[in-house]
Amino acid sequence: MRSNFFHLNNARLHCKKSELFYLFIIMGTIALLGVLCGAIYVNICQVKEQDFIMYYINEFLNYHKSETFAVLTSFVFLSSLILHIIAVAMGFSCIGMPIVAVLPLIKGFTIGCVSSYLYNEMGIKGALLNLLMLWLPQVLQTVLLVMLCAHAFILSKSLFGLALGSNNSNSIQIASKLFVKAFTFTSFFLLFTSIIESMLSQIFASVMIN
């Protein structure tokens, strides 16, 4: 009986990991769609909206240029952590699935906006600045968010199934453990990517941002 219980848990864990893989691909595709939408939006939005985007991105770049390493690292980490905290909150909600699915889109959208703006305003120099200073940490942060959102989606779906009576507590327990591990892992590496972004900013921002 005990052996059957462990076999059943292992089978459920294998199913969760398979589901995670497919959700990771789906969430990653949503993030890429967000990058495309952000790049297009910058080129078709109204003048007032363009002014707002220009103000936000200029403030963002000036902050990267003027702040110290420690302050910038804290800023990048905490601002990136916001989407992770939303993912955690929605993961523990039985109705959080739609919001979880939108988070990679938001992250990708901001990357697309910044990338398109830098190229439009600064040409090759802007594209080079984006590539050297922002793309590596931002892509890594997106991967971490996608990973966490995949776990959050599964947990939220499991809770939704439990509310409908189609899931049992063992399924919730497995999803919760995987989710907590994912949040711990992604938070640690999010700090690491924030350090990378700050280091790259210290090297390139003062040289390439006027």
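Select F24 first. In this predicted model, F24 sits in helix α1. Its relative accessibility is 31%, so F24 counts as partly exposed; the range for that class runs from 20% to 50%.

Next, keep F24 selected and add F21, Y22, I25, L128, L131, L132, W135, V139 and V143. Together with F24, these residues make a nonpolar surface patch of about 890 Å².

Which helices supply at least two residues each to the nonpolar patch? Colour α1, residues 2-44, and α5, residues 124-164, to see them: each of the two does so. The largest share comes from α5, with six residues of the patch.

Now leave the patch and turn to charged side chains. Side chains of opposite charge can pair when their charged atoms come close. How many salt bridges does a search of the whole structure find? The search finds one. To see the salt bridge, select E19 and K157 and show their side chains; the closest N and O atoms are 3.0 Å apart. E19 lies in helix α1 and K157 in helix α5, so this pair ties together parts that are 138 residues apart in sequence.

Stay on the pair and switch on the surface. Are E19 and K157 buried or exposed? E19 has a relative accessible area of 24% and is partly exposed. K157, at 34% relative accessibility, also counts as partly exposed.

For a last view, show α1 and α5 together. Both helices supply residues to the nonpolar patch, and the salt bridge between E19 and K157 has one partner in α1 and the other in α5.

Conventions. Residues numbered from 1 in each chain as written. Predicted model: local features only at pLDDT ≥ 70, side-chain atom pairs only at ≥ 80, totals over all residues. Heavy atoms only, no water. Patch = residues over 30% accessible without salt bridge, like charges linked within 9 Å, V, L, I, M, F, W, Y side chains within 5 Å. Areas by Shrake-Rupley, 256 points an atom, 1.4 Å probe, with all protein chains shown as cover. Salt bridge = Lys/Arg side-chain N within 4 Å of Asp/Glu carboxyl O. Helix = DSSP H or I, 4+ residues; strand = E, 2+ residues; numbered from the N terminus. Buried < 20%, exposed > 50% of the residue type's maximum accessible area, 1.4 Å probe, protein only.
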